[in-house]
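This report looks at two parts of one model. One is a charged site on the surface, and the other is a strand with its neighbours.

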Amino acid sequence: MRNMKTLRVTVIICLLLIGSFLPMFNLVKTGDANPGEAEETLYFANILDIENATDSSFGIVPLSKSPPTSSEDLLYPPNILSAVSLSEEELFQWILSWGFYLYGIEGIGDLADLGEFEDLEGLSELIEPLMLLFPHPFRIVESYVNEGDESITVEGNINFRLYFSSPMIARVINLDTVKVAVYTFSETSIFPKLRAEKNQTIKPDGLLKDISVLNIELDKVNFTVSPGSTILFAVELVPSNKTIKNFISKPKPLIENATALIFDFVIGLMENSTIPSFQTISSFYREFQNISEEYGVNLSKDDIAQIANSIRSSSFVYGSNRHPSSVTIPFETSTSNEENYKNFYLKTGNSMIETKPVSQDHQSVDLATETTWSSQELVRSKILKQATAELYIDYQDFQLLNPFKKPIKVIATLLDGSTTIDAYEIELDRTTLSDYLEGKEPIEMFFPFSNLSNYEIKYGHKLDLNVKVENGTQFGLISGQSPSHRYIKLFYDSTNYPSSLRLVFSDTDHIKMDVDANPSNEKLVPGGVVHYYLNISSYGEEDTINVEMPLSFDTSKWDVEINPTETTVGKGATKTVNVNVSAKDSAEDEDIIDLKFSASGKTGLATHETSVQVSEDAVEYEIGLISPPMYKTIKHGENGTYLFKVTNENTGIWPDDYVIKVTSEHDWNLTYRENINGLMPGKSKEIEVIVSVPEYTNITSDELIFKVTSDGGKISVTANVITNVTGPDIIESLYHYFELLAKDLGFDELFGEYAPHALAAIFVAIAFFVIIIIVFLLTMKNVNIICLDRIKEISPAQSARFDIMLKNPTKKPKTYLINANPHSIPANWDISFDSNRVIVNPRQTVPLSLFVHPTHRASENEWIKVDITVQIEGKKKKEKITTMTMLKDAVSPLVIDEVYHYPRNFGEGEKVTTSFKLKNNGNIESKKVSVSILVNNEQKNKVEDIIIPAGGYADIRMPWIAVKGKNEIDIVVE
């Protein structure tokens, strides 16, 4: 018995170890889900078909969104007669479930006996939900995974509609029980969590009916399923103790050995049988026997009793179009494109709409008469991928009362207008005596249309569902009669009988969309933008394309602009739509917006999914550098300071570090800060660079190179400045010179530290006397020019006289040359001197006169400046004085006189000559003037550039053409 416990404990430890790693295995996902008030019906699939589960051997088969189409029922647990029809993998799965069942759950008690887990409390409570993930001979567990990006909420009632096959003993005496339960299981949890469960007795619909339907409702369920988490639906049979179990469990020493011999004899016959299924059963039995012998384990009477009891108990029926066991949950599954999944419900008036029936009162139609229902029109062309009619059929066909009639065949036909797409027929079973006596409920039947061949339904078309009984099928003893023992009706338009047509479409390839992004990595910074170019082509026909982005996003952080949102694309043509996705300044690092661009028209739909992320990878690096003035002067032996301003001009919100490097052309000593850390965008930092200029250097300039490098972008900018060196001034140079000279002359021994000062004093005294002599020589003049009145104002008729005294201050007679040089307008003035050459004795003075007279060409307010220069004959050095003469009372008034018109009398269009004199009554020549003659304020003739001397006049004749009516004449002088 110790070996038996060892095997069981080994199984339990393996289960615990494997269970701890179960979150690493992905469960099969069946679709996204969104919370809401809608319901979705999911169907149980083949629990033994492990290939439909995950790659892991511990995978769970997913519930099917589509109803079953097979006409063959699946049973679980399969009885021994049905087991021979199982595949090798399915049979192994079923036998394995018994191993886990016998050595798993019942082995928990042995752990305490062995003492390995004495301190572990509540171990059975942990193991029981974990066992959901392993095969079980009485339990089906199937999954639904939330593949969406958001959590879903399950709130309301969960309804199980289950079918069971029960032998007579389970229908009369020992009624079995079924337990349904709902669990949630996330990728981060070790054990599934129970959400709701309920037990219910399996009561047959009638004693003569082997298959019964059971509706179990879990009330007021409320839980949330996060993205990636799983809902587990469990249906577990709880067999009652049958007579055979009690019989086997009782001690029977005499029979037990004979039973073992008989069992071995039967296994031997199966091994030698030519039937493959028998050979499979016998090989698995021998393998199970070898394992048992290896661990010293034999099947106990209790184990055999449980197996025998299961054969005499009920089985779960599912997986067929006649017994589609299902679970209805209060949320609606969805896919990436919900419009590709349609469920049209049959309504009164031969129409089909997508609204689910809400009334419990059903409608019915006698299928003896062919009936057709029409759907709503499609707004977009679609490819039909799947189609299934789910119809509730109520019929009676009792063979004993009608032995000569053929079985009833129901044909459902799917049509596109007058074109037949596909048809499917079901031959109905004959009604049994129990059905006839006890009554028969409508049966939910599925008509799968599989011969679709990617049929395209164009926009504006609608689908028709035609339901009829096969031609030749007759009702009643006489054709056209429908007595109670032979009839067929279709129930629809109610919550209990929601007959419908389920369709799965895919989009056509008539519309295609190629997407280019700039930048191509689709990353940006807050305040940045990603430009998308949607190149949309239409290959079916000209179509009007609507462009949108159906996914919602956080408008506080993102902006999306589509231009245009609608465009017409010709057949074979391509149009480009621009989409700008902008991150607002409030966006943060690693914020993501998921995008789904949709280009839809009547002929098709094209989508493109992508995302834009706020990322430091999108930063554009730039360094702002403000340098001091290009040139700076620093005195030798002193320090100078340069102030540089470094600004982080990167895009984005991330700080940057900078490395500073400064070099001197002549390697002068520099002091500065070498690093800037964590400088935020838009912020600046000032860097002081102190340069030390050597004392008494011969270098007159030095170039300083300031270089700053971004650590994030590895980019650099530089600035150059020039240091101009101020050397020692004259005093410093003299002092330095005297310092060196005094040292050479030995003055430092006599005067000590005052030696340079003593030597400098000697040199200053000598220089003073030299300067006095030079100044005397430089200030001595060879001639003096004296004019007491240098500015005169005269009228045009006068002359200006300037009296000049020329003095020889030297001790020798001198010959002087005199010149008068006017500054401007010499042609309008006359200038004359008494003499241009004079001889002046020592210390003597000679008078001279300068005359300035305006000519008739001088104009009003005119003036003249005259320079008088005197130089010694034969010498270049000159002495100069300046005189100025101005005009006063200079006027030139003009007068029109002696006006005469010839002829005096004239008519329209005649030539008329007007003569007159323009007189200058002033004392200076007039400026250039123009004379115009105007007739009725309209200029007829004009003379320009007339100059009239003072006291003179101009004779002017101006012809013009007379106009009709009065001729008012004006003469205008400008």
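Glutamate 150 is exposed because its relative accessible area is 57%, and the cut-off for exposed is over 50%. This value, like the others here, is computed from a predicted model. Glutamate 150 sits in a loop that has strand S4 (139–145) on one side and strand S5 (152–165) on the other. Together with Asp149, Asp594 and Glu609, Glu150 forms a negative patch on the surface.

Strand S54 (residues 929–935) presents another picture: 7 of its 7 residues are buried, and the strand is mostly covered. Which residues of S54 are buried on each side? On one face they are Val929, Val931, Ile933 and Val935. On the other face they are Ser930, Ser932 and Leu934, so that both faces of the strand are covered, given that buried means under 20% relative accessible area.

S54 pairs with S55 and with S57, as the table sets out.

| Partner of S54 | Residues | Bridges | Direction | Facing residues |
|---|---|---|---|---|
| S55 | 938–946 | 6 bridges | antiparallel | Leucine 934 and glutamine 939 |
| S57 | 969–973 | 5 bridges | antiparallel | Isoleucine 933 and isoleucine 971 |

Within the pairing with S55, leucine 934 of S54 stands opposite glutamine 939. In the pairing with S57, isoleucine 933 has isoleucine 971 as its bridge partner.

S54 and S55 also make a hairpin, with 2 residues between the strands. In this hairpin, asparagine 936 takes a positive phi near 55°.

Notes:
Residues are numbered from 1 along each chain as its sequence is written. This is a predicted model: local features need pLDDT of at least 70, side-chain atom pairs count only at pLDDT 80 or more; totals for chains, interfaces and linings use all residues. Side-chain values use heavy atoms; hydrogens and water are left out. Patches are made of residues with over 30% relative accessible area and no salt bridge: like charges are joined within 9 Å, nonpolar side chains (Val, Leu, Ile, Met, Phe, Trp, Tyr) within 5 Å. Accessible areas come from the Shrake-Rupley method with a 1.4 Å probe; for residues, only the protein chains shown count as cover. A salt bridge is a side-chain nitrogen of Lys or Arg within 4 Å of a carboxyl oxygen of Asp or Glu. Lys and Arg count as positive and Asp and Glu as negative; His and the chain ends are not counted. The place of a charge is taken as NZ of Lys, CZ of Arg, CG of Asp or CD of Glu. Helices (H or I, at least four residues) and strands (E, at least two) are DSSP runs, numbered from the N terminus. Buried means under 20% relative accessible area, exposed over 50%, partly exposed in between (1.4 Å probe, protein chains only). Two strands pair if DSSP finds at least two bridges between them.
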